Amino acid sequence: MSATIAILDSDRRYRENLAACLNRAPTFHCTAAYADGDTALTGFVQNPPDLVLLGLEEPQELEVLTRIHRAIGNTPIIALLPREDVDWIVQTLASGAAGYGLKSQSPAKLIEILEDVLRGQSPVSSEVARKLIDRVQLQTSTLQPQTGLSAREREILEFLAQGYPYKQIADSLAISINTVRTYVRRLYAKLEVPCRTHAVLKCRPAARMVSGYKEEKLLIPHAVS
């Protein structure tokens, strides 16, 4: 069954071309394409899609992202940006986006990003990943207590906060990668977040050492699994 996608973008030609590309992909189906935020917000609430694609032209438009994120809860929002501005991307993720893409990217690359987001990943560049981690490390060096999490869930959350990929988490804890994925899905549900990025932003990074691994060995360059 294909995942449903709704688009909000003020550029009619881009919006229509994107919808057509998505409808040609076997894994996705574009159910709606909107030109303005108010109409889109009503449509997202009445007919929630599996994913939302939100076109942004300037950082000042992040208010639209925040409004949509508050209205549709855990539905992942992928921001489509005209350029790769690292500070803007970090603000976009902090405002509720589960990931981002560039309007100049090919349809195949965008579909790859959407598939990653549906799998619970949040594809970001190494520079963006480091800025996200630096941003939350300014607040505290330890995770805040999270009620309702088991000891194992909290342990995995600490690994996620440090940027570990699923395979290294599995190897470190001597469990299967599928078991890690199960724990991560439970974590996202309990924390009410759509992806790793939001879990990090919500819970803050782990301590300087996790299960015997020193910080310099942590795989921070790509905050995806």
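**Exercise 1. In what order do the five strands stand in the open sheet, and is the pairing parallel or antiparallel?**

Solution. This is a predicted model, in which local features need pLDDT of at least 70, side-chain atom pairs count only at pLDDT 80 or more, and totals for chains, interfaces and linings use all residues. Residues are numbered from 1 along each chain as its sequence is written, and side-chain values use heavy atoms, with hydrogens and water left out.

Step 1. List the elements: the protein chain has 10 helices and five strands. Helices (H or I, at least four residues) and strands (E, at least two) are DSSP runs, numbered from the N terminus.

Step 2. Find the pairs; two strands pair if DSSP finds at least two bridges between them. The five strands give an open sheet with the order β2-β1-β3-β4-β5, and the pairing is parallel.

Step 3. Locate the edges. β2 (28-34) and β5 (99-102) each have a single partner strand, so one side of each lacks a neighbour in the sheet.

Step 4. Add the twist: on average, neighbouring strands of this sheet are turned by 25° against each other, direction ignored. The axes are lines fitted to C-alpha atoms, for helices over the stretch in contact, and angles run from 0 to 180 degrees between N-to-C directions.

**Exercise 2. Describe the edge strand β5 and its pairing with β4.**

Solution. Step 1. Strand β4 (residues 77-81) pairs with β5 in the parallel sense over four bridges.

Step 2. Assign partners in β5: Gly-99 is the bridge partner of Ile-78, and Gly-101 is that of Leu-80.

Step 3. Sort the side directions. Gly-99 and Gly-101 point one way from β5, Tyr-100 and Leu-102 point the other way, and all are buried. Buried means under 20% relative accessible area, exposed over 50%, and partly exposed in between (1.4 Å probe, protein chains only).

**Exercise 3. Which residues of helix α2 are buried, and what covers them?**

Solution. Step 1. In α2 (residues 37-46), the buried residues are Ala-40, Leu-41, Gly-43 and Phe-44.

Step 2. Because these residues cover an arc of only 165° around the axis, they lie on the same side of α2. The arc is that of the directions from the helix axis to the C-beta atoms.

Step 3. Asp-38 and Gln-46 are exposed on the other side of α2.

Step 4. The cover over the buried residues of α2 includes β1 (3-8), β2, β3 (51-55) and α3 (62-72).

Step 5. At the N-terminal end, Asp-36 caps α2, with a side-chain oxygen 3.3 Å from the backbone nitrogen of Asp-38.

**Exercise 4. Characterise helix α4 and its two ends.**

Solution. Step 1. At the start of α4, a side-chain oxygen of Asp-85 comes within 3.2 Å of the backbone nitrogen of Asp-87.

Step 2. Along α4 (residues 86-94), the buried residues are Val-86, Trp-88, Ile-89, Val-90, Thr-92 and Leu-93.

Step 3. Gly-96, just after α4, has a positive phi of about 130°.

**Exercise 5. Where does Ala-174 lie, and is Ala-174 buried or exposed?**

Solution. Step 1. Ala-174 sits in the loop between α8 (166-173) and α9 (177-191).

Step 2. Its relative accessibility is 70%, so Ala-174 counts as exposed.

Step 3. Although not a glycine, Ala-174 has a positive phi of about 60°.

**Exercise 6. How many disulfides does a search of the whole structure find?**

Solution. Step 1. The criterion is a pair of cysteine sulfur atoms within 2.5 Å. The search finds zero disulfides.

Step 2. Check the accessibility of two cysteines: Cys-21 is buried at a relative accessible area of 19%, and Cys-30 is buried at 9%.

Methods
Contact = heavy atoms within 4.5 Å. Polar contact = N/O pair within 3.5 Å; in protein donor to acceptor, adjacent residues only side chain to side chain.
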